[in-house]
Structures are given as C-alpha cells and as structure tokens.
Amino acid sequence: MEYQKLSAKPRGSNYLFFGILLIFAFLASFADAAIHYHEFVIEATPLKRQCRTHSIVTVNGQFPGPTLEVRDGDTLVIKAINRARYNISLHWHGIRQLRNPWADGPEYVTQCPIQPGRSYTYQFTIQNQEGTLWWHAHSRWLRATVYGALIIYPKLGSPYPFIMPKREIPILLGEWWNRNPMDVLRQALFTGAAPNVSDAYTINGQPGDLYRCSSKETAIFPVEAGETILLRIINSAMNQELFFGVANHKLTVVAVDAAYTKPFSTNVIVIAPGQTTNVLLTADQPPARYYMAAHAYNSANAPFDNTTTTAILEYKSAPCSAKKGQSLKPVFPQLPGFNDTATATAFTAQLKSPSKVKVPIEIDESLFFTVGLGLINCSNPKSPRCQGPNGTRFAASINNVSFVFPRRTSLMQAYYQGQPGIFTTDFPPAPPIQFDYTGNVSRGLWQPVKGTKLFKLNFGSKVQIVFQDTSIVTVEDHPMHLHGYQFYVVGSGFGNFDPRNDPAKFNLVNPPERNTIGTPPGGWVAIRFVADNPGIWLLHCHIDTHLPWGLATAFLVENGVGKLQTVQPPPLDLPQC
C-alpha cells in the first residue's frame with residue numbers, strides 16, 4: 001500500500017519527504033531478507049526398508065533430506081560436503097538462479113561434480129518466487145535418495161491468496177529400489193536395455209501399509225476435525241508420473257511449481273517427476289483414519305511399478321477399534337486406472353493462472369522439438385551390450401539429436417573460459433526430417449545422432465517451443481524441465497501439432513506457469529517464455545531413465561547489456577573436473 005501512495009506524483013516541497021520515504025521503503029525491503037546457512041553432508045547411511053537394511057546416500061543422514069524453509073528475497077548459503085563414494089552435484093529445482101548458473105547444479109552442465117572428499121558452497125537468492133519447490137542430486141541416479149523440499153514463504157506481511165491453512169505438510173512422493181539405484185543404472189547402461197522398475201513408491205520416505213515389513217513406519221498425519229491444511233506435494237520419483245488422492249476428501253489445487261493457480265476442486269491429482277502441486281484439504285469427514293495414496297500413471301507401452309504407496313490422514317478424534325484399543329482400518333481412496341490418460345488430461349486442462357498474465361505475443365524464436373525414444377543398432381546384435389529390443393540399445397533424443405554430456409569440463413565453464421571443442425551451437429530448431437510423428441514411423445528414423453549441441457538465444461528474445469511426442473518405440477508423457485526459467489503453458493493437444501490451426505486455440509490470457517510440463521502421450525504441448533536469464537540452461541526429460549539415453553539439450557542465453565544482464569563471475573570454489 002505504501003508503494004501505491006508513493007507512486008502519486010508529489011508537488012513542491014513534498015519531493016524531499018517522499019524521496020526519504022522511498023529510500024526507507026527500499027532499505028526495509030532488504031532488512032526483511034535473511035541469509036540462511038546450511039551444511040549438507042552427503043554420506044552413506046544404513047536404512048531399513050522392506051525387511052532388510054540398505055546402505056543409501058543421504059544428506060545429513062536423513063531420508064528424505066532436510067526441508068529448506070525460506071521467504072521470498074532470502075539468500076541460501078549451502079555448503080555441500082561429499083563424504084560418499086560417488087561424484088555428486090545438487091540442483092535447486094525451479095529456482096530461477098538469475099545471472100547465477102554456477103549455483104544451478106546439473107553435473108557437466110553448469111559445474112563439474114563435487115568429488116569424494118571435496119566440498120562446494122551453493123549460494124543464491126530467491127527473487128520474486130514463492131511456493132513449493134525442491135532440491136535433489138543431479139548426478140546420475142543419486143537423486144533416488146538425495147532429495148528434499150524447498151519451501152518459499154511470501155515476504156513478511158504478504159498473505160497467501162487463499163484461506164490461511166491451520167498447518168502445512170510437505171508430501172514427498174518417491175521411488176524405492178531394493179538394490180543400489182546406481183547399480184541399477186550401471187547395469188542398464190551396460191546392457192543397453194531398460195533399467196529394472198522400482199520395488200516400491202514412498203510417501204516421505206515410507207512405502208506404507210501395502211508393502212512387507214513397512215506398516216509400523218507408515219507416515220501418519222494428525223488433523224483436527226474441521227480444520228483446513230495445505231499439502232505441498234512433490235513428485236520426487238525417478239521415472240514415474242503418479243496419481244494421488246485422499247480417501248473421501250476433496251483437494252483444492254491452489255499452486256503448481258511455485259506459481260499460484262485459479263483454485264479448483266478435484267478428487268485426484270496427476271503429478272510428473274519434478275513437478276509440485278499445492279492443495280488445500282478440509283477435514284470435513286466423519287472422524288476416522290483415511291489413506292492418502294499414490295500409484296502410477298503409465299502412459300507408455302512399457303513395464304512399470306504397479307504398487308501403491310500409502311500414508312494416513314488421522315483425525316485426532318477418531319474412535320479406536322473395540323479390539324484391544326487398536327486403531328480403525330483406514331478408508332482407501334479410489335484412484336484412476338494406471339493408463340487413464342483421460343483423467344490426467346482433464347486435470348491438466350483445469351490449470352490456469354489466477355488472473356491475466358503477460359504472455360509473450362510477438363515471438364522471436366519459434367522452435368519445434370520432437371521428443372521421444374529411439375534405438376541404436378548394434379553391429380553385433382547378440383552382444384551382451386545390446387539387450388534392447390531386437391539386439392539394439394535404447395536411446396532418446398530431441399529433434400533426432402541424442403545429447404552427450406561432456407566429461408572434461410562443464411558446458412558453462414567451457415563457455416565462460418572460451419574453451420573450444422566442448423560443444424557446438426547448431427542444435428536444430430526443427431526435426432531434420434518431417435514425418436507423421438504419432439503415426440507408424442519408418443524404422444529408418446528410429447536411430448538418433450549423438451552430439452553435444454546447444455541452441456543459442458539472444459538475451460530478451462521471446463521464445464515459443466512446441467514439444468511434439470513421437471510414437472518411436474512408444475508414445476509417452478515426457479515431463480520436460482527447463483532450468484533457470486518459468487514458462488507459460490499456452491496449449492496442448494493430441495496427434496501432430498498443426499501450425500496453421502492449433503495456435504488459434506492457445507490460451508494467451510491466463511495460462512498456467514510452470515517449470516516442468518508433460519507432453520501428452522502421442523500429442524504436443526506449447527510453452528512461451530522470455531530469455532531474460534543469461535547462461536547455459538539444461539532442458540531435459542525428468543524421467544531419469546531418459547536423461548542418460550540423451551533426451552536433453554541446453555540453451556545458451558547470451559549476455560545482454562550491462563551488469564544486470566550479464567552472468568556473474570564463478571565462485572572461487574567451483575569444482576574442477
């Protein structure tokens with residue numbers, strides 16, 4: 001309100017008075033900001049799940065890892081100390097990292113990994129963001145156990161744009177293997193076949209009542225009858241989109257990916273790896289115990305983990321069973337079928353921004369990206385390294401380019417230091433050959449070309465990307481995550497994108513804002529953003545099976561004019577390869 005008063009043009013001697021007020025308001029905005037210091041010790045930790053003790057990589061011995069709680073405008077200083085046996089890096093998923101790619105985290109993209117026995121301090125400031133994000137390892141499959149919530153509250157004095165909840169509960173949906181996830185990945189990369197599916201899903205690290213040796217540790221969330229709570233739901237699973245619901249309770253969606261939405265009520269949400277969804281839940285049912293549950297939404301013709309993870313919403317006034325004071329058996333929710341694309345599509349279609357937003361209209365870079373799987377032919381199909389379909393190796397690509405990560409240095413370090421030979425900037429703006437993307441694709445188009453190709457963007461350019469799923473190997477919902485940016489999801493549909501007719505149906509008024517968006521299986525999705533953050537920013541599918549197969553690229557956003565449009569210098573302790 002103070003700023004609105006200051007915006008009125010003062011007259012005469014009032015200039016000095018209003019000038020002083022403006023200076024004090026400016027300084028007060030900084031005074032509210034805090035600096036949060038954390039030490040993240042990455043180490044192997046024994047953990048018992050499903051009847052046996054496993055050694056897993058954790059942060060500070062916690063699984064999931066520590067929850068970071070900050071306000072918009074705060075600064076985080078996190079010293080990551082690697083005492084594990086693997087190289088590692090950490091990514092702060094959804095943080096814009098303005099002018100600061102050095103803190104973004106993906107290994108060999110913006111930094112070399114932190115080697116065992118070494119450390120690196122991530123320092124970044126939250127700028128005009130609030131809501132639910134998360135952090136995770138960005139090194140091979142270490143994020144299976146190295147992840148946690150990152151909650152950004154509004155600035156002091158700024159309320160939520162919805163009813164104030166009585167309590168807030170982070171709900172981290174995960175995926176669990178009874179083997180070392182790094183060994184699962186290593187085997188898959190050797191054989192060229194798909195990795196083994198997970199053995200369980202988890203809610204806040206616990207599989208729940210439906211798995212062996214797990215019911216005693218099932219997560220329980222007490223609630224008072226009549227109160228409204230906020231669930232901050234994060235899909236931190238490695239490879240699986242999930243349906244989530246709470247028995248007999250409506251969920252009111254109020255935010256996704258740290259961006260507020262126009263509220264709407266639903267019985268179930270669908271959430272892809274990397275995405276977050278905030279929902280309000282009112283405890284308006286008869287006092288009892290109710291399961292919250294999640295299971296797979298499987299959009300591909302491929303094996304998947306068909307188990308169900310559970311936690312319990314427990315009314316504090318719920319009666320006990322007559323037998324020896326035992327608790328009542330929880331009520332189970334109705335979740336959609338594993339392949340229920342209609343429900344997933346209907347949920348996504350309801351997501352809108354709360355009011356009119358500033359969507360880029362005049363587009364400078366119109367990009368058409370085919371995303372999907374592929375197969376690499378082997379000279380010896382009977383080789384133990386060629387155990388994919390018909391003696392091939394699985395691959396994945398964007399516009400037929402299967403991305404290869406460098407190993408000698410990171411992309412950002414090579415760019416900043418002017419080191420040649422690490423990458424090229426000739427990533428194609430459209431597929432090299434046009435074809436019926438969702439039809440019966442000729443086998444001659446199934447093998448992608450490997451390369452470390454980036455796409456260059458001028459600072460401030462207005463960008464549109466249409467992600468087109470293909471039916472090569474199988475159609476699939478690929479959750480595409482763009483580092484360093486939020487974007488508007490302006491349209492989607494099934495079949496092949498029609499550049500003549502489909503743009504007329506785009507929502508350019510109040511589209512949802514996200515950092516991760518799925519391609520409808522056998523369909524397309526269109527996003528728009530302004531390239532206002534200089535640096536190199538990874539774009540990839542957040543199904544972690546697909547990343548080492550090559551379903552990625554990166555944008556090189558050039559510096560603009562002046563210091564505020566230029567990448568800041570790297571920190572002195574930036575890891576070297």
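Okay, let's start with a proline: Pro64 sits in the loop between strand 2 and strand 3, with strand 3 running over 68-71. What's the peptide bond from Phe63 to Pro64 like, cis or trans? Here the bond is cis, with omega near -5°. As a reminder, most peptide bonds are trans. And keep in mind that what you have on screen is a predicted model.

Right, on to the cysteines. How many disulfides does a search of the whole structure find? The search comes back with three. If you count the bonded cysteines along the chain, the pattern is 1-3, 2-6, 4-5. Let me take the three one by one.

So, the 1-3 pair in that pattern. Cys51 is joined to Cys213, with an S to S distance of 1.9 Å. These two come from distant parts of the chain, 162 residues apart. Cys51 is in the loop between strand 1 (35-49) and strand 2 (52-59), and Cys213 is in the loop between strand 10 (200-203) and strand 11 (220-223). What about handedness? The torsion about the S-S bond is about 90°, so this disulfide is right-handed. Now, are the two ends buried or exposed? Cys51 has a relative accessible area of 33%, so that end is partly exposed. Cys213 comes out at 52%, and because the cut-off for exposed is over 50%, Cys213 counts as exposed.

While we're in that loop between strand 10 and strand 11, have a look at Asn204, which is there too. Asn204 has phi near 50°, so to speak on the positive side, and this is a residue other than glycine. For background, most residues other than glycine have a negative phi. Asn204 has 21% relative accessibility, and because buried means under 20%, Asn204 counts as partly exposed.

Next pair. Cys112 and Cys577 form a disulfide with an S to S distance of 2.0 Å. The angle about the S-S bond is -95°, and the link is left-handed. Where do the two cysteines lie? Cys112 is in the loop between strand 5 (90-93) and strand 6 (119-125), while Cys577 is in the segment after strand 32 (552-557), so the bond ties together parts that are 465 residues apart in sequence. The two ends get different labels: Cys112 is buried, at a relative accessible area of 1%, whereas Cys577 is partly exposed, at 40%.

And then Cys378 with Cys386. Their sulfur atoms are 2.0 Å apart, and they form a disulfide. This link is left-handed, with -100° about the S-S bond. Buried or exposed, these two? Both Cys378 and Cys386 are buried.

One more cysteine to mention, Cys541. Its relative accessibility is 0%, so Cys541 counts as buried.

Last stop is another asparagine, Asn399. Where is Asn399 in the fold of strands? You'll find Asn399 in the loop between strand 21 (392-398) and strand 22 (401-403). Its phi is near 50°, again a positive value in a residue other than glycine. For accessibility, Asn399 is at 1% and counts as buried, whereas Asn204 is partly exposed at 21%.

So, to recap the disulfides: Cys51 to Cys213 is right-handed, Cys112 to Cys577 is left-handed, and Cys378 to Cys386 is left-handed. That's my tour, thanks.

How values were computed
Residues numbered from 1 in each chain as written. Predicted model: local features only at pLDDT ≥ 70, side-chain atom pairs only at ≥ 80, totals over all residues. Heavy atoms only, no water. Disulfide = S-S within 2.5 Å. Helix = DSSP H or I, 4+ residues; strand = E, 2+ residues; numbered from the N terminus. Buried < 20%, exposed > 50% of the residue type's maximum accessible area, 1.4 Å probe, protein only.
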